[in-house]
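Trainee: I am new to this structure and would like a close look at a single part of it, namely its interior. Please start with one buried residue and work outwards from there, giving the reasons as you go.

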Amino acid sequence: MRIEKVVLRLVEMPLKFRFRTSFGETAAKRFLLVEAVSEGFSGWGECVAEDGPFYSPETTDSARSALSRFLIPLVLGRDLADAPAFDRLAERVRGNRMAKGALEAALRDLFARADGVSLARNLGGTRTAIEVGVSLGLQPTVEATVENVRRHVAQGYRRIKVKIEPGSDVDRVAAVREAFPDLPLTVDANAAYTLETAGPLVALDAFGLDYIEQPLHHEDLVDHARLAGRLSTPICLDESIRSASDAAAAISLGACRVLNVKLGRVGGYGEVLRIHEVAAASGVPLWCGGMLESGVGRAHNIAVATLPGFTKPGDTASSSRYFDEDIVEPRPEAADGLMPVPGGPGIGVEVRRDVLARFTLETLELPA
Ligand code: SMG
Ligand code: MG
């Protein structure tokens, strides 16, 4: 397909709640949306870079620059045989994975739509519904944490993940565990601890967590392997895994026994599939993470989670948990912790251009 045009939009959607983690707080969802146009079809991708470089070194501004100056020009006017062809063209662009992943996702969607098949099926996905959990931000008190867990358990989520940080960890988990003795429960520290301050993490072994997510530095593997030797609870890595080679290194070092996979963090579906192979070869379970995505990113996450190696519930909760109004229809909505996989072409949801226009702050049209 000849890529005729790419449209880059800066979009801001109000969030229904403030989401607090150990590295900061998000009050509104501001992101870049990529639309790739060819032969009357539009493919959509969402860039998960945030406003500031606090989860990842990439930001909305750095992604806009990488996309408009280096990545989009690689495909404009070019006749691409398929979406993986972009992966090869973009190989010389280092890092900038969220920017790359957004364009790659748009191209994957575009090609699948033109072929009239669902992206999930195209990838080798086997599920018609995916099991989902929910990620709960830090709350001001232990009581508010338990109450928040209670509300989300009542909504049927299959696993609850609670954010922790030094000073808000063992007390929260102990209270949640006491109120919900059998709940599949995990915690995410977003890199807030060090080997020296890991005492509370060792204490968490008492509460039967499924795993502890990214306890140490965002680029570390070696200290995670050391920490794993002190814990009976498995470690799951998020920030530290940017590629299949990171995943292979982490597994062989013993730095993790579970992997959180995010399309944007690893630079697109090509890398997701390579991580999927690495994990399958060593029997490491995967799950799909979240970045407070709009319906577009959420639909991509659903496609990712249909792959057979994604055996644990991910963070793709219902769109209505985050937004009063979404830019796609049908909205991705889970019932009883099960998110249906749309069967239509591409990501299987349609962008509502009227709603999108209301949430769009800036539009950059890049014609061939
Ligand atoms: O999409 O519900 C969501 C958020 C899931 O916890 C979540 N994401 O470290 O896994 C993580 C965080 C990173 C993003 S925080 C804005
Ligand atoms: Mg995480």
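Mentor: Cys288 is a buried residue, with a relative accessibility of 2%, and, like everything else said here, that value comes from a predicted model. Its sulfur lies 12 Å from the closest cysteine sulfur, that of Cys236, which is too far for a bond. Cys256 is buried as well, at a relative accessible area of 5%. In the structure as a whole there are 0 disulfides, and for Cys256 the nearest cysteine sulfur, which again belongs to Cys236, is 7.2 Å away. A disulfide would need the two sulfur atoms to be within 2.5 Å, so Cys256, at 7.2 Å from its nearest candidate, is in no disulfide.

From Cys288 we can follow the chain onwards, since the loop between β11 (286-288) and α12 holds Leu292. Phi of Leu292 is near 55°, which is a positive value in a residue other than glycine, and at 10% relative accessibility Leu292 counts as buried, because the limit for that word is under 20%. Beyond this loop comes helix α12, in which Gly297 is found, and Gly297 is also buried, with a relative accessible area of 6%.

Helix α12 leads us to the nonpolar interior. The largest nonpolar core has 84 residues, and the members that touch the most other members are Ile160, Leu204, Leu237, Leu259, Ile275 and Ile327. Helix α12, which spans residues 295-305, gives the most to this core, with 6 residues. Both domain 1 (5-116 + 350-367) and domain 2 (121-340) contribute residues to the core, so it lies between them. To see how one of its members is surrounded, take Ile160: leaving aside residues up to four places away in sequence, Ile160 touches Val134, Leu136, Val149, His152, Val153, Leu183, Pro184, Leu185 and Thr186. One of these neighbours, His152, can be set against the helix we have just left, for the C-alpha atoms of His152 and Gly297 are separated by 22 Å, and the two residues are 145 apart along the chain. Another core, of 35 residues, lies apart from the largest one, and among its members are Ala66, Ile72, Ala90 and Leu110.

The two domains also meet through many residues, since 37 residues of domain 1 are in contact with 43 residues of domain 2. Their centres, taken over C-alpha atoms, are 23 Å apart.

Within domain 2, which covers 121-340, we come to the metal site. The magnesium ion (ligand 2) is coordinated by Asp188 through OD, by Glu213 through OE and by Asp238 through OD, at 2.1 to 2.3 Å. Along the sequence these donor residues follow the spacing D-x24-E-x24-D. Asp188 sits in strand β7 (residues 185-188), whereas Asp238 is in the loop between β9 (235-237) and α9 (244-253), and as the two are 50 residues apart, the pair links distant parts of the chain. Asp188, at 1% relative accessibility, counts as buried, and Asp238 is buried too, with a relative accessible area of 1%. Gln214, the residue numbered just after the donor Glu213, belongs to the loop between β8 (212-213) and α8 (222-228). Although Gln214 is not a glycine, it has a positive phi of about 35°, and at 0% relative accessibility it counts as buried.

A last backbone feature of this domain is the cis peptide bond that joins Glu329 and Pro330, with omega at about -5°; Pro330 has its place in the loop between β12 (328-329) and β13 (338-340).

Turning to the strands at the start of the chain, β1 (residues 5-21) and β2 (residues 24-38) run antiparallel and are joined by 13 bridges, and they form a hairpin with 2 residues between them. Arg9, for instance, has Leu33 in β2 as its bridge partner. Strand β2 in turn pairs with β3 (residues 41-47) in the antiparallel sense over 7 bridges, where Val34 is partnered by Gly45 in β3. These two strands also make a hairpin with 2 residues between them, and in its turn Glu39 has a positive phi of about 50°. Strand β3 brings us back to burial, for 6 of its 7 residues are buried, so the strand is largely enclosed by the rest of the structure.

Definitions and conventions: Residues numbered from 1 in each chain as written. Chains lettered and ligands numbered in written order. Predicted model: local features only at pLDDT ≥ 70, side-chain atom pairs only at ≥ 80, totals over all residues. Heavy atoms only, no water. Buried < 20%, exposed > 50% of the residue type's maximum accessible area, 1.4 Å probe, protein only. Donors = N, O, S within 2.8 Å, 3.2 Å for Na, K, Ca; no water. Helix = DSSP H or I, 4+ residues; strand = E, 2+ residues; numbered from the N terminus. Core = buried A, V, L, I, M, F, W, Y, C linked by side-chain atoms within 4.5 Å. Domains from an automatic or database assignment. Contact = heavy atoms within 4.5 Å. Pairing = 2+ DSSP bridges.
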